[in-house]
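I set out to record, entry by entry, what I looked up in this structure. The notes are meant for a reader who has not met it before.

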Amino acid sequence: MSSPRALVAVDLGKSRCRAVISGPWGADDRVPHRRDVYDGIGAPGLAAADGVAAALAAILPLRERLAEPISAVSVGAAGAWAAPAAAAELAHGLARELRAPVVVTSDVVSAHAGALDGGAGVLLIAGTGAAALGIDGEVSTLVDGWGPELGDFGSGSWFGREALRAVLRASAGLAPATLLTDAVAATIGDPAAIPGWLSADGPLARRLAALAPLVLDAAEGGDPVSAEIVADGIHLLVASAVAASSGSSDVALHGGLTAHLWFRSALDQALRAASHAVAVSAGDALDGALLLAERTDLPHERFVHRAE
């Protein structure tokens, strides 16, 4: 009798590395169950200098948490889309170190596979960053995911930056007063403290994204300045989703901003107004990584790097 299959899925982002293990541990051994096994620090991305070495350093500590025999490891890694050669190198490096077959793809691809259960459609991510990936048969389109300096339009970091701009402009008499001034002051201080806060140590995109709920709450509460910012952000997110779509009109949503019920409702309405149906997300990036480890017949396969 063969031993149970234990698959490890890894979601390697720029700030966080999460891993789960899936195997038949329960009353019915035919049903796989997923449990968390690791939550550590991420890596700068495979497209960065020494990106593969940093990714290995982020992932390999999970070995200490693995007691079961592993049949395969599947990784969704930030930067893999832009650096396919580095993704292939990471797959081979992990296969050598973990002595198991390894699958590596982009974290956006694994998230798409998880959200749409391996099917066609668009995944719109609105979290710290923002991106839209559309996959429909042989057609695939990635829009945004360009980072906070060049893109991530409608993301948490974008909302945070727009909030600070609104506060600074209001303080100089260049724009209307806004509830954001008091909301931001509770976190940062008066407007004069903003430049110093921006230059502090730590990932700026994450700190900016932490301000996004202030904007969403103020907009929900009727602040005109915040409402305008949110309307602009939703317009940018919907534009990315539309640009990424081809034959399918289904759009699944991921990302922390979509947990804000008022914002989620407004985004849903805007997508429907653009003739796109909001699909219920079937799972997350870790579910997608597990799916890609098990199947090679999905439209995502051309973005997958495998090593034995």
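The entries below take up helix packing, then aromatic pairs, then two single residues.

**Entry 1. Basis.** I noted at the outset that the model is predicted.

**Entry 2. Helices H1 and H2.** I recalled that a pair of packed helices is described by the angle between the axes and the distance between them. I looked up helix H1, residues 51-59, against helix H2, residues 84-98, and found an angle of about 40° with the axes 10 Å apart. An angle under 35 degrees would count as roughly parallel, and 65 to 115 as roughly perpendicular; H1 and H2 are therefore oblique to each other. I recorded the crossing of H1 and H2 as right-handed.

I then asked which residues in H1 and H2 meet. From H1 I listed Val-52, Ala-55, Leu-56 and Ile-59. Their partners in H2 are Ala-86, Glu-89, Leu-90, Gly-93 and Leu-94. Sorted by class, the residues in this contact of H1 with H2 are seven nonpolar, one polar and one charged.

**Entry 3. Helices H8 and H9.** I turned to helix H8, residues 212-220, and helix H9, residues 224-244. Their packing angle is about 115°, and their axes are 7 Å apart. I entered the crossing of H8 and H9 as left-handed. On the H8 side the contact is made by Val-215, Leu-216, Ala-218 and Ala-219, and on the H9 side by Ser-226, Ala-227, Ile-229 and Val-230. By class I noted seven nonpolar residues, one polar and no charged ones in the contact of H8 with H9.**Entry 4. Aromatic pairs.** I asked how many aromatic pairs the count comes to. The count is four aromatic pairs. One of them joins Trp-81 and Phe-303, whose ring centres are 4.7 Å apart and whose planes stand at 25°; planes under 30 degrees apart count as stacked, so this pair is stacked. I located Trp-81 in the loop between strand S4 (72-77) and H2, and Phe-303 in the loop between helix H11 (285-294) and strand S11 (305-307). The pair therefore ties together parts that are 222 residues apart in sequence.

I also looked up the accessibility of both residues. Trp-81 has 31% relative accessibility and counts as partly exposed, whereas Phe-303, with a relative accessible area of 18%, is buried.

The rings of Trp-158 and Phe-159 have their centres 5.2 Å apart and their planes at 80°, so I entered this pair as edge-to-face. Both Trp-158 and Phe-159 are buried. I noted further that Trp-158, Phe-159 and Phe-263 form one aromatic cluster.

**Entry 5. Gly-145.** I found Gly-145 in the loop between strand S8 (139-144) and helix H4 (156-171). Is Gly-145 buried or partly exposed? Its relative accessible area is 48%, so Gly-145 is partly exposed. Leaving aside residues up to four places away in sequence, Gly-145 touches Ala-130, Ala-131 and Asp-152. From C-alpha to C-alpha, Gly-145 and Ala-130 are 5.5 Å apart in space, with their positions 15 residues apart in sequence.

**Entry 6. Ser-110.** I placed Ser-110 in helix H3, residues 107-115. At 1% relative accessibility, Ser-110 counts as buried. With residues up to four places away in sequence again not counted, Ser-110 touches Gly-76, Thr-105, Asp-284, Ala-285, Gly-288, Ala-289 and Leu-292.

Conventions
Residues numbered from 1 in each chain as written. Predicted model: local features only at pLDDT ≥ 70, side-chain atom pairs only at ≥ 80, totals over all residues. Heavy atoms only, no water. Axes fitted to C-alpha atoms, helices over the stretch in contact; angles between N-to-C directions. Helix = DSSP H or I, 4+ residues; strand = E, 2+ residues; numbered from the N terminus. Parallel < 35°, antiparallel > 145°, perpendicular 65-115°, else oblique. Left-handed = near helix turned anticlockwise from the far one by under 90°. Contact = heavy atoms within 4.5 Å. Nonpolar A, V, L, I, M, F, W, Y, C, P; charged D, E, K, R; others polar. Phe/Tyr/Trp six-rings, centres within 6.5 Å; stacked < 30°, edge-to-face > 60°. Buried < 20%, exposed > 50% of the residue type's maximum accessible area, 1.4 Å probe, protein only.
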